[in-house]
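User: Could you take a close look at one helix for me and walk me through its surroundings? I'm new to this, so please explain the terms as you go.

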There are 2 protein chains.
Amino acid sequence: MRNITEHNITRAVIERFAGCSDARLRQVMGSLVTHLHDFVREVALTEAEWAQAIGFLTATGQACTDQRQEFILLSDTLGVSMLVTALNQRHPLGATEATVLGPFHVEGVAEAAQGADLAQGAPGEPLFAEVQVLGLDGRPVAEAEADVWQADAAGLYDVQRPELGGAHRARGRLRTDAQGWLRFRSVLPTAYPVPTDGPVGQMLRATGRHAWRPAHLHLRVSAPGFETLVTHLFREPDPWLDSDAVFGVRSSLVVRFERHEAGTAPDGTAMAGPFHVLRHRLVLAPAAQGSP
Amino acid sequence: MRNITEHNITRAVIERFAGCSDARLRQVMGSLVTHLHDFVREVALTEAEWAQAIGFLTATGQACTDQRQEFILLSDTLGVSMLVTALNQRHPLGATEATVLGPFHVEGVAEAAQGADLAQGAPGEPLFAEVQVLGLDGRPVAEAEADVWQADAAGLYDVQRPELGGAHRARGRLRTDAQGWLRFRSVLPTAYPVPTDGPVGQMLRATGRHAWRPAHLHLRVSAPGFETLVTHLFREPDPWLDSDAVFGVRSSLVVRFERHEAGTAPDGTAMAGPFHVLRHRLVLAPAAQGSP
């Protein structure tokens with residue numbers, strides 16, 4: 001085609017992918033081009049706006065480091081990450097819902113014993129968590145592997161604190177006991193803003209959006225025969241539950257962390273000051289036919 | 001909203017932009033989110049594909065340097081750049097059509113005299129160009145400023161040759177004479193592939209696309225009272241005219257560069273070997289009401 005116009009260009013680009021031997025890639029690229037062009041046409045994007053978009057995307061890529069993924073943050077704040085999670089994690093009724101993994105998960109953390117204090121000195125009020133992992137039939141899932149991670153009272157994850165030199169805090173890996181229980185001590189999670197010192201922060205400010213996420217505890221639970229569950233438990237009440245900057249909140253994941261005055265903690269520890277208790281059940285969906 | 005699903009998330013994200021005081025930015029972000037989500041839903045993007053997309057966009061940003069703009073190349077190869085040009089450069093019938101600026105334009109090149117040899121040693125067969133700049137009324141436009149730039153016989157622009165140390169070759173700035181003529185000597189432009197050693201090259205290979213652009217000469221012409229014209233003159237014949245990797249070809253911009261055997265060039269030079277002559281008229285559109 002040698003007479004490209006605003007009317008035929010979308011077809012011209014899609015036809016160029018006709019030689020793609022990967023049918024799925026051909027489908028994805030065709031759909032991407034269609035919707036991207038529709039967006040440009042719908043708003044009649046100006047040349048100056050196009051140049052601004054190129055600059056923004058370039059800066060977003062250049063803000064990424066081993067410790068920071070600004071494109072994931074952009075995907076999160078535009079609701080794309082949660083949409084992908086919702087589309088791919090359709091759990092049956094009764095199973096715990098999934099939400100975004102987020103950028104702060106760490107693979108390969110050493111396994112901690114039941115009842116361990118995962119806080120490891122992280123600032124925050126003490127939290128005692130007792131989470132039982134069940135199947136849809138209500139039977140406990142023993143020997144499930146669980147990753148737990150969260151921000152501390154300053155709103156920071158361990159990986160955001162270079163002074164820790166890579167040591168883990170308020171993060172751990174546990175294994176359920178015969179009755180499906182995970183028991184650990186940590187600190188009370190608090191609300192925190194997503195990083196705003198990069199291009200995504202500029203976007204949030206320019207559009208009048210706040211950067212806050214409501215307080216939450218991350219969990220990833222896997223066991224043979226079950227779908228791996230990636231979710232949060234959100235702490236109620238929280239001013240940001242209805243406006244999570246990354247659109248991750250689902251009503252079923254909003255839970256109470258009970259506050260207690262000084263006294264005896266669930267694990268028998270004598271506490272001189274206030275502490276919090278989280279008791280919750282997670283229900284795993286059965287693995288899809290043919291899944292590992 | 002605290003119960004995000006695949007069905008309500010698009011509305012939730014758009015509502016989050018309600019506080020944006022810039023009405024145009026609010027419109028652009030709302031449309032972007034709508035079309036981006038529609039794409040993700042239409043193809044039911046998997047989590048693995050999402051991760052691959054994040055990796056691709058990150059690598060694209062990180063491939064950008066002062067000398068290279070990989071995101072513009074991505075925009076070009078997905079037809080977005082040409083679509084933006086087509087939407088914003090709707091010239092009246094009779095005026096020369098616009099096409100993409102491309103990544104190789106350089107601002108502030110020193111002005112050359114009429115008839116100058118812009119090649120400055122660039123490899124290629126000699127070209128003598130005579131381009132007349134007219135208004136829609138057919139009257140010559142004197143004192144128009146014209147930037148001219150092109151690839152050499154190796155398919156490279158001067159800015160892609162670090163060995164030149166920033167010196168210009170096959171590039172120049174001229175001013176039309178009283179009869180609207182631009183006359184210069186250069187080299188015959190040849191077809192060349194866009195850079196394929198980065199993420200965009202990976203995309204082209206993965207989708208079975210070639211990287212070639214048909215041979216062309218770039219022109220940018222501006223004069224008081226007229227719209228600035230950014231265009232190419234494509235050389236016919238060329239095997240890539242119907243499949244330009246960046247979708248920039250318009251029939252009206254495809255022209256003959258006449259080949260001559262040894263003899264006298266249009267400027268009177270005695271040529272010992274073959275040379276080429278380009279004669280063409282460019283017609284400028286009048287400036288829109290209120291434009292500078």
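Analyst: Here is a walk around helix 5 of chain B, followed by how the two chains are arranged.

First, some ground rules: this is a predicted model, where local features need pLDDT of at least 70, side-chain atom pairs count only at pLDDT 80 or more, and totals for chains, interfaces and linings use all residues. Residues are numbered from 1 along each chain as its sequence is written, while chains are lettered from A and ligands numbered from 1 in the order in which they are written.

Helix 5 of chain B spans residues 80–88, and seven of its nine residues are buried, so it counts as mostly covered (buried means 20 or more other C-beta atoms within 10 Å of a residue's own, with C-beta atoms placed from the backbone; helices are DSSP runs of H or I, at least four residues, numbered from the N terminus). The buried ones are B:Val80, B:Ser81, B:Met82, B:Leu83, B:Val84, B:Thr85 and B:Ala86.

What do they pack against? From chain A, there are helix 1 (9–16), helix 2 (23–43) and helix 3 (47–62), and from chain B there is helix 4 (70–77). Contact here means C-beta atoms, placed from the backbone, within 7 Å.

Now for the pair of chains. Chain B lands on chain A after a rotation of 180° with 0.0 Å of shift along the axis, at an RMSD of 0.0 Å (a least-squares fit on C-alpha atoms of residues with pLDDT of at least 70 in both copies). The two copies are thus related as by a two-fold rotation axis. In chain B, B:Gly61 has the C-alpha nearest that axis, 2.0 Å away. The copies also meet through the same surface, because 100% of chain B's interface residues are interface residues in chain A too.

Note on methods: A residue is buried if 20 or more other C-beta atoms lie within 10 Å of its own, exposed if 12 or fewer, and partly exposed in between; C-beta atoms are placed from the backbone. Helices (H or I, at least four residues) and strands (E, at least two) are DSSP runs, numbered from the N terminus. Two residues are in contact if their C-beta atoms, placed from the backbone, lie within 7 Å.
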